[in-house]
Structures are given as C-alpha cells and as structure tokens.
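Trainee: I have a model open and want to read its fold from the strands inward. Can we go through it together?

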Amino acid sequence: MTYVDGFVAAVPIENREAYIRHARVAAEVFKEHGALSVVECWEDDVPDGKITSFPMAVQRKEGEAIVFAWIAWPSREAEQKGMKAAMEDPRLRPDDNPMPFDGKRMIYGGFTTVLEL
C-alpha cells in the first residue's frame, strides 16, 4: 500500500496564484524523486470549529484560506529517499521558490495507508 505525506496550511488569499505556482514546482520535484501523485486542495467549505478544526489547527488569520494537500509514495522507504532528495533539490530552495505562506503554522505528517479502494 502507498505511504502518504499530508499537509494543512493557511495561505493568504491574495497569494493563491503564487501558492499554485509554488505547488506546481514542488509537485514536479516530488514526482521526479519518486512520488506517485501530488494533490493540492484550496478551501471551499471549511467551517470554524468550537473544539477542533482545520482553521484552529493552523491558526488561520483573517484573509487566509486553508490548503489541504498530500503526496502519495509507493512505500515509506520510497518516501524517505524521495523526500530527502526533494529537500536537497535546488528548485525547492526558499531563495529560488519562496513559500507564499507561513510555514511555521503548517501541520504535516506521514501516514501508512490502511485502506485503499
């Protein structure tokens, strides 16, 4: 089964196109280093929560939208090798491809797939 890296971030709405450009470059890099697919989603129906929510998790501010994304890899081993290579790829250097959002508020993690239909 696949291994998945998942991400949630708050992106200034005015940076939507910059985010898409950034994500497109990153997706190319991840795919070149073994990712099966990269999916980027811009919020459409993301409610505020009372106890937990996506907005609370990333401390969304006024004028920001939630982005939910994931990268599918063939295995955990492929993810470790591919992610290391991607992070060393010059196309992902912050000076050349700056993140158009506050990376300190991004949440992320790796997940082992338990069901895939």
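Trainee: In which sense do β1 and β3 pair?
Mentor: This is a predicted model, so take each value as computed from it. Ten bridges join β1 and β3. One position to look at is G6, which stands opposite W70 in β3. The sense of the β1 and β3 pairing is antiparallel.

Trainee: What is the bridge partner of V38 in β3?
Mentor: Start with the strands. β2 and β3 run antiparallel, joined by six bridges. Across from V38, the partner in β3 is I71.

Trainee: Is β3 largely enclosed or open?
Mentor: Count its buried residues, where buried means under 20% relative accessible area. In β3, eight of the ten residues pass. So β3 is, by the rest of the structure, largely enclosed.

Trainee: Are F68 and W70 buried, partly exposed or exposed?
Mentor: Partly exposed lies between 20% and 50% relative accessible area. F68 has 37% relative accessibility, and W70 has 30%. Because both values fall in that range, F68 and W70 are partly exposed.

Trainee: How do the rings of F68 and W70 pair: stacked, tilted or edge-to-face?
Mentor: The whole structure holds six aromatic pairs, and F68 with W70 is one of them. Their centres are 5.4 Å apart, with 55 degrees between the planes. Stacked needs under 30 degrees and edge-to-face over 60. Therefore this pair is tilted.

Trainee: Which residues do ring pairs link into a cluster?
Mentor: Here we follow ring pairs from residue to residue. The linked residues are Y19, W42 and F101.

Trainee: Which elements give two or more residues to the largest nonpolar core?
Mentor: That core has twelve residues, including Y3, F30, I71 and M83. Apart from it lies another core of six, with A9, V11, A23 and V67 among them. For the largest core, the elements are β1, α1, β3 and α3.

Trainee: Why might such residues gather?
Mentor: There is a general tendency in soluble globular proteins. It is for nonpolar side chains to be buried together.

Trainee: Which element gives the largest share of the lining of the largest pocket?
Mentor: The pocket holds about 590 Å³ of space. Of its 26 lining residues, F7, F30, M87, M99 and M106 are the closest to the centre. β1, α1, β2, β3, α3 and β4 each give two or more residues. The largest share, six residues, comes from α1.

Trainee: How many nonpolar residues does the lining of the largest pocket have?
Mentor: Sort the lining by class. Three residues are polar and three are charged. The nonpolar count is 20.

Terms used
Residues numbered from 1 in each chain as written. Predicted model: local features only at pLDDT ≥ 70, side-chain atom pairs only at ≥ 80, totals over all residues. Heavy atoms only, no water. Core = buried A, V, L, I, M, F, W, Y, C linked by side-chain atoms within 4.5 Å. Buried < 20%, exposed > 50% of the residue type's maximum accessible area, 1.4 Å probe, protein only. Helix = DSSP H or I, 4+ residues; strand = E, 2+ residues; numbered from the N terminus. 1 Å grid on protein atoms, 1.4 Å probe; cavity = no way out; pocket = protein on both sides within 12 Å on 5 of 7 lines; lining within 4 Å. Points joined across faces, edges and corners; volume = space filled by probe spheres on them. Nonpolar A, V, L, I, M, F, W, Y, C, P; charged D, E, K, R; others polar. Phe/Tyr/Trp six-rings, centres within 6.5 Å; stacked < 30°, edge-to-face > 60°. Pairing = 2+ DSSP bridges.
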